[in-house]
Amino acid sequence: MTAALLTLLVAFTLLWLLSLALRDASIVDICWGPAFVLAASATLITLDSISPRAATVTALLVLWAARLALHLARRNLGHGEDPRYAAWRQQHGPRWWWRSYLQVFVLQAVIAWGVGWPIHAALTSGSAFPAPTDLIGIGLVMIGLAMETVADRQLTAFRADPANRGRVLDTGLWRYSRHPNYVGDAVVWWGFGALALASPGGWMTLAGPAAMTFLLMRVSGVTLLERGMTDRRPDYARYIATTSAFVPWPPRTAAR
């Protein structure tokens, strides 16, 4: 675990230096998924051999990280700094160069380390594979990955149509949850949590997916994205009234 944390801190420090040169702190988003692969690699090189569980978890992690990184790269590159980071840059002015290191890069390194606890436990586990919880975990990761992939594609297609400018996507998976892509991401991490359960004390690493779910629902996900959304899109108030914020659920009838 220590090797993984040190690796993440070094990697995010280098990424911070690159962000200063580019004047774009939002490059950290594209590197979020690959950071977990890097941390896992720091654990793998300490092992005498790669177990079937470790190989399976690594393959699933690489698949998840690659999809997320490619999606964010296609969406963000060439469009300037993300408005969230641009607002912080303006707010903090000359202090932003060092505040960004702590507020963005070091913070995300530590969060990635904590969320990744089940990955470390699964990689280092010597118990028999596959256990029933491993099969559940693999299933959850694949379901979550499919959900976030479909949700992101639906949103990308919706935004690409000029006729939808100012409108709210409320079809497909977005009919049942206002953030199905985040739901899929949470399911992925609970899948990794299940893959850690066969390890001694693996249940304690469920703090990782619990923290990720909390962040998606209350910090960097739902809460942050929906702040001021009703001002920019008048239909969003109706969408909030009829559609579950997170857990997929049949839409409600809006009150008249």
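**Exercise 1. What covers the buried residues of helix 10?** Work with the predicted model, and establish which residues of the helix are buried before turning to their surroundings.

*Solution.* Start with the helix itself, which spans residues 207–219 and whose buried residues are Gly-208, Pro-209, Met-212, Thr-213, Leu-215 and Leu-216. Around the axis these residues cover an arc of only 155°, so they lie on the same side of helix 10. The final step is to look at what covers them, and this includes helix 3, helix 6, helix 7 (117–124), helix 9 and helix 11 (222–226).

**Exercise 2. Classify the ring pair of Trp-16 and Tyr-101, and determine which helices the pair ties together.**

*Solution.* The structure holds 11 aromatic pairs, and in this one the ring centres are 4.6 Å apart, which satisfies the pairing limit of 6.5 Å. Because the planes meet at 45°, which is neither under 30 degrees nor over 60, the pair is tilted. Next, locate the partners: Trp-16 belongs to helix 1 (residues 2–22) and Tyr-101 to helix 6 (residues 96–115), so the pair ties together parts that are 85 residues apart in sequence. Finally, consider accessibility, where Trp-16 is buried with a relative accessible area of 10%, whereas Tyr-101, at 24%, counts as partly exposed.

**Exercise 3. Carry out the analysis for Phe-36 and Trp-189, and state which aromatic cluster includes them.**

*Solution.* With ring centres 4.8 Å apart and planes at 50°, the pair of Phe-36 and Trp-189 is tilted. Phe-36 lies in helix 3 (residues 32–44) and Trp-189 in helix 9 (residues 180–196), so this contact between rings ties together parts that are 153 residues apart in sequence. Phe-36 is buried, its relative accessible area being 4%, and Trp-189 is buried with a value of 0%. The last step widens the view to the cluster, which is formed by Trp-32, Phe-36, Trp-64, Trp-189 and Phe-192.

**Exercise 4. Is Leu-72 buried or exposed, and which residues does Leu-72 touch when those up to four places away in sequence are not counted?**

*Solution.* Place the residue first: Leu-72 lies in helix 4 (residues 52–76). Its relative accessible area is 10%, and because buried means under 20%, Leu-72 is buried. Leaving out residues up to four places away in sequence, Leu-72 touches Asp-29, Ile-30 and Leu-77. For one of these partners the separation can be stated in two ways, since Leu-72 and Ile-30 are 42 residues apart in sequence and 5.6 Å apart in space, taken from C-alpha to C-alpha.

Technical notes: Residues are numbered from 1 along each chain as its sequence is written. This is a predicted model: local features need pLDDT of at least 70, side-chain atom pairs count only at pLDDT 80 or more; totals for chains, interfaces and linings use all residues. Side-chain values use heavy atoms; hydrogens and water are left out. Rings of Phe, Tyr and Trp (its six-membered ring) pair if their centres lie within 6.5 Å; planes under 30 degrees apart count as stacked, over 60 as edge-to-face and the rest as tilted. Helices (H or I, at least four residues) and strands (E, at least two) are DSSP runs, numbered from the N terminus. Buried means under 20% relative accessible area, exposed over 50%, partly exposed in between (1.4 Å probe, protein chains only). The arc is that of the directions from the helix axis to the C-beta atoms. Contact means heavy atoms within 4.5 Å.
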